[in-house]
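Grab a pencil and open the viewer. Below are some short exercises, each with a solution you can follow step by step.

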Amino acid sequence: MDGTLSLVLLLLFLWCLCSRRMERYELTAPAAFVLLGLLLAEGAGVLDLAVPHETVKVLAEITLAWVLFTDAARLSFRALRPELGLYLRLLGVGLPLCVGLGALLAAALLPGVSGWSALYVGAALAPTDAALGATMMVNPVVPARIRRIINVESGLNDGIVTPLVVLALAGVAAAEHHAGPAATGHAVVELAVGAAYGAVLGLAAGWLLRTTLRNGWAAEDFAGAGVLALSLLSYTSALAIGGNGFVAAFVVGLAFGTTHGAPPRVLLYVEQTGALLSVLVWLLFGAVLLPAVFAHVTWQTVVYAVLSLTVIRMLPVALCLIGSGLDARTVAFIGWFGPRGLASVIFGLLSVEELTPAGARPVLPVIACTVLLSVLAHGLTSAPLANRYGAKAKDVAPAGAPVQDLPVRGMAAGGLHHWRRKGGPSAS
């Protein structure tokens, strides 16, 4: 075990040394660690990550809580206001259409998937991950407005679908154990408690940090550690009072990000720590999850994975953006850059813990196959499509739009040079 841990730490350090150089070869941290995990575990046989299920569960839950908190906290409502109509279209119309279409096609195409399981597949594969197209997200040839739209959508859609994923998993588990509607009703109560508690905690924490920084009580250099503690507190304390920790973490992030008033660098510590765990999840995905599901991949799985990245994603985006003023090329570009990434992987890992092997077997291979295909397809097309689109696109931003880019999830894993020394995201 010590040898395996040492190898993992060595891989992390080596990536730190060459991350910026690897970006020039269009190799992102998720793609690199998935491939390393697969090659070292299955190819060379030198990486043994046969970790206990409880360890995997804790890692997945903490990583998801951090991702939900940081994704929400780095997006202030003031920064979103100029493009609010587009975000409402993508998140309020496009995202539900994506979940619904994904669930319908899962029920029609995948053997053994129907009802709650189909909803779970549709919801788990709806969130997008801008970090998988990181080279596009920092490419100045792509208009800042378009990168910002893709980035904000990616930052919010995982938190929005989390209640559906939790509810669907509860429904599948209840059906497996013949528990009836009481189990799903209990899940709804937990979601409501988590949301209400998260709103109160986030507003209070944001007000306290803003007030103490302004009055000179809090040291700005230590604020990052405090926010890191808050992100975990939002999850653990919600569980302690009977709420859903994931929803609480997301709502706390939303409320805290709008009220804290501190420099953006206070979130960098949380972002870096979450990036470390994210890399470990990608390594587990390649070394443990992919080999385990290879034997259960069918032609229906592959077809659904292709549809998930194309029709299921791009059709709802096209429909919800009708009348938005965006041209067809831009709509297609936004539709394609909806990679399935970290949130979908963690939702898949949670299914292993929440369901019996018989319940997880029909749904886990399609999630793993879709994410793997997305890592490869979006990683390979990120730079060429960005350059091709950017060469013909015009950055027409509405009046009052912020000129700076928002930080992209996962950039801490791929290189901190995208952040200015003073803590703000780099402008393009």
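A contact here means heavy atoms within 4.5 Å. The model is a predicted one: local features need pLDDT of at least 70, side-chain atom pairs count only at pLDDT 80 or more, and totals for chains, interfaces and linings use all residues. Residues are numbered from 1 along each chain as its sequence is written, and side-chain values use heavy atoms, with hydrogens and water left out.

**Exercise 1. Find out where S351 sits and what it touches.**

Step 1: locate it. S351 belongs to helix α16, residues 342-354. Helices (H or I, at least four residues) and strands (E, at least two) are DSSP runs, numbered from the N terminus.

Step 2: check the cover. Buried means under 20% relative accessible area, exposed over 50%, and partly exposed in between (1.4 Å probe, protein chains only). S351 has 0% relative accessibility, so it counts as buried.

Step 3: list the neighbours. Leaving out residues up to four places away in sequence, S351 touches Y120, L169, A360 and L364.

**Exercise 2. Describe the protein chain as a whole.**

Step 1: count the elements. The protein chain has 19 helices and 0 strands.

Step 2: look at burial. Of its 428 residues, 56% count as buried.

Step 3: look at the contacts. Taking contacts with a separation of 6 or more, 84% are between residues 24 or more positions apart.

Step 4: look at the surface. About 17800 Å² of the protein chain is exposed, and carbon and sulfur atoms supply 68% of that. Accessible areas come from the Shrake-Rupley method with a 1.4 Å probe; for residues, only the protein chains shown count as cover.

**Exercise 3. Work out which residues and helices make the nonpolar surface patch.**

Step 1: know the rule. Patches are made of residues with over 30% relative accessible area and no salt bridge; like charges are joined within 9 Å, nonpolar side chains (Val, Leu, Ile, Met, Phe, Trp, Tyr) within 5 Å. A salt bridge is a side-chain nitrogen of Lys or Arg within 4 Å of a carboxyl oxygen of Asp or Glu.

Step 2: name the members. V93, L97, V311, L315, L319 and I322 make a patch of about 500 Å².

Step 3: assign them. Helices α5 (84-109) and α14 (311-320) each supply at least two residues, and α14 gives the largest share, 3 residues.

Step 4: test one. V311 lies in α14, and its relative accessible area is 39%, so V311 is partly exposed.

**Exercise 4. Sort out the aromatic pairs.**

Step 1: set the criteria. Rings of Phe, Tyr and Trp (its six-membered ring) pair if their centres lie within 6.5 Å; planes under 30 degrees apart count as stacked, over 60 as edge-to-face and the rest as tilted.

Step 2: search. The whole structure gives 6 aromatic pairs. In one of them, the ring centres of W15 and F33 are 6.0 Å apart and the planes are at 70°, so this pair is edge-to-face. The pair links distant parts of the chain, with W15 in helix α1 (residues 2-24) and F33 in helix α2 (residues 29-43), 18 residues apart. W15 is buried at 9% relative accessibility, and F33 is buried at 1%.

Step 3: try another. W282 and F285 have ring centres 5.9 Å apart and planes at 85°, so they are edge-to-face too. Both sit in helix α12 (residues 268-293), 3 residues apart, about one turn of the helix. Both are buried as well.

Step 4: look for a cluster. Ring pairs join F333, F337 and Y389.

**Exercise 5. Trace the surroundings of S382 in helix α18.**

Step 1: check the cover. S382 is buried, with a relative accessible area of 0%.

Step 2: find its polar partners. A polar contact is a pair of N or O atoms within 3.5 Å; within protein, one must be able to donate a hydrogen and the other to accept it, and residues adjacent in sequence count only if both atoms are side-chain atoms. The S382 side chain makes one with the side chain of T135 (2.6 Å). The S382 side chain also reaches the backbone nitrogen of M136 at 2.9 Å.

Step 3: add the remaining touches. Not counting residues up to four places away in sequence, S382 touches residues including G133, A134 and F337.

**Exercise 6. Say what the buried residues of helix α15 pack against.**

Step 1: pick them out. In α15 (residues 328-336), they are T330, V331, F333, I334, G335 and W336.

Step 2: find the partners. These residues pack against α7 (134-137), α8 (144-176), α13 (299-309), α14 and α18 (364-392).
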